[in-house]
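Biologist: Could you take me through one part of this model up close? I'd like to hear about the aromatic rings, with a quick stop at a helix on the way.

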Amino acid sequence: MTKSELILKITSKNSYLYHKDVYKIIDTLFNCVTKALKDGDRVELRGFGTFTTKLRNARIGRNPKTGEPVAIPQKKMPFFRWYRTKGKPKNPRKDSAFKV
């Protein structure tokens, strides 16, 4: 699902929300997560998952066309881990006002 598809889905299921407002919310959320990961912070969204960064070590790769060795520097890579539930939630919300 792309960002625009997510915005359309939220807007269609929540007719009282304007498209431009949902866009601002999603854009702000993604920008905050991106900035936090760049700063080395961890972002935890309870019930959804955790965004962190992992450091990939420097290594030697190969150019696919020529086969020559290429030095690849170390870098931070974003990493996401799903939230895992153990069993059913105790108080499920069936009539939530906000739907995704």
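Modeller: Sure. A residue is called buried here when its relative accessible area is under 20%, and exposed when that value is over 50%. Keep in mind that this is a predicted model.

Helix α1, residues 3-13, has L6, I7, I10 and T11 buried. Those residues span an arc of only 130° around the axis, so they sit on the same side of α1. Turn to the face pointing away from that buried side and you meet the exposed residues L8 and S12. Part of the cover over the buried residues of α1 comes from α2 (19-38).

Now the rings. The whole structure holds 4 aromatic pairs. In one of them, F48 and F80 have ring centres 5.3 Å apart and planes at 45°, so that pair counts as tilted. It connects distant parts of the chain, 32 residues apart: F48 is in the loop between β1 (43-45) and β2 (49-56), while F80 is in strand β5 (residues 75-82). F48 is partly exposed, at 37% relative accessibility, and F80 is partly exposed too, at 27%.

F80 also pairs with F51, again tilted, with 4.7 Å from centre to centre and 45° between the planes. Because F51 lies in strand β2 and F80 in strand β5, this pair ties together parts 29 residues apart in sequence. Put the ring pairs together and you get a cluster of F48, F51, F80 and W82.

One last ring to look at: F79 has the charged end of K54 sitting over it, 3.8 Å from the ring centre.

Notes:
Residues are numbered from 1 along each chain as its sequence is written. This is a predicted model: local features need pLDDT of at least 70, side-chain atom pairs count only at pLDDT 80 or more; totals for chains, interfaces and linings use all residues. Side-chain values use heavy atoms; hydrogens and water are left out. Buried means under 20% relative accessible area, exposed over 50%, partly exposed in between (1.4 Å probe, protein chains only). Helices (H or I, at least four residues) and strands (E, at least two) are DSSP runs, numbered from the N terminus. The arc is that of the directions from the helix axis to the C-beta atoms. Contact means heavy atoms within 4.5 Å. Rings of Phe, Tyr and Trp (its six-membered ring) pair if their centres lie within 6.5 Å; planes under 30 degrees apart count as stacked, over 60 as edge-to-face and the rest as tilted. A charge sits over a ring if NZ of Lys or CZ of Arg is within 6 Å of the ring centre and within 35 degrees of the ring normal.
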